[in-house]
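Please open the model in a viewer and keep the selection panel at hand. The stops below are meant to be followed in order.

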Amino acid sequence: MAVAKKTVLIAHEVEFYPDVFDCTIRDFIEQRERLRLPTDEFRTCYICGRHLQKHRKPIVVNVSGIGNRFACDKCYTEHTSGGMNGEKTEL
Ligand SMILES: [Zn+2]
């Protein structure tokens, strides 16, 4: 399976990594629960705070000074299109 990896730098130094995980958000959370690791920060979008759809693959955001969090499709699209139609993730 080909993995397309694209990183985009925006304000606050948030980088998007849309195709890092080959599992769903539910799988990821269940894995962490099995390891007794905290999961709350991976249930919602780091940027807008909306609950993430658990059957989707996570879009990872690396936030400077904080670490890896997840973002929703909407924020990913908004922050990577920059008002132009150029940037799209190819699957
Ligand atoms: Zn969002």
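Helices here are DSSP runs of type H or I with at least four residues, strands are E runs of at least two, and both are numbered from the N terminus. By that assignment, H79 has its place in helix α2. The model is predicted, and the tour returns to H79 after a survey of its surroundings.

**Whole chain.** Select everything and colour by secondary structure. The chain holds 2 helices and 3 strands, and their succession along the sequence reads β-α-β-β-α. Of its 91 residues, 16% count as buried. Contacts between residues at least 6 apart in sequence include 54% that join residues at least 24 apart.

**Confidence.** Recolour by pLDDT. The chain has a mean of 84, with 76% of its residues at 70 or more. Among the elements, helix α1 (residues 25–34) has the highest mean pLDDT, 97, and helix α2 (residues 73–81) the lowest, 88. Next select residues 83–91, where the pLDDT is below 50. Beyond near neighbours in sequence, this stretch has 9 contacts in the model. Where pLDDT is low, predicted coordinates should not be read in detail.

**The sheet.** Select the strands. In what order do the 3 strands lie in the open sheet? The order is β1-β2-β3, with antiparallel pairing. Strands β1 (14–17) and β3 (67–71) are the edge strands, each pairing on one side only. On average, neighbouring strands of this sheet are turned by 30° against each other, direction ignored.

Now restrict the selection to β2 (residues 59–63) and β3. These two strands pair in the antiparallel sense over 5 bridges. Within this pairing, display V63, which stands opposite G67 in β3.

**Helix α2 against the sheet.** Add helix α2 to the view. This helix lies across β1, β2 and β3, and runs at about 115° to β1.

**H79.** Finally, select H79 in helix α2. Is H79 buried or partly exposed? H79 counts as partly exposed because it has 18 C-beta neighbours inside 10 Å, whereas a buried residue needs 20 or more and an exposed one has 12 or fewer. To close the tour, draw a distance from H79 to V14. The two residues are 65 residues apart in sequence, yet their C-alpha atoms are 9.5 Å apart in space.

Note on methods: Residues are numbered from 1 along each chain as its sequence is written. This is a predicted model: local features need pLDDT of at least 70, side-chain atom pairs count only at pLDDT 80 or more; totals for chains, interfaces and linings use all residues. pLDDT is the predictor's confidence in each residue, from 0 to 100. Two residues are in contact if their C-beta atoms, placed from the backbone, lie within 7 Å. Two strands pair if DSSP finds at least two bridges between them. Axes are lines fitted to C-alpha atoms, for helices over the stretch in contact, and angles run from 0 to 180 degrees between N-to-C directions.
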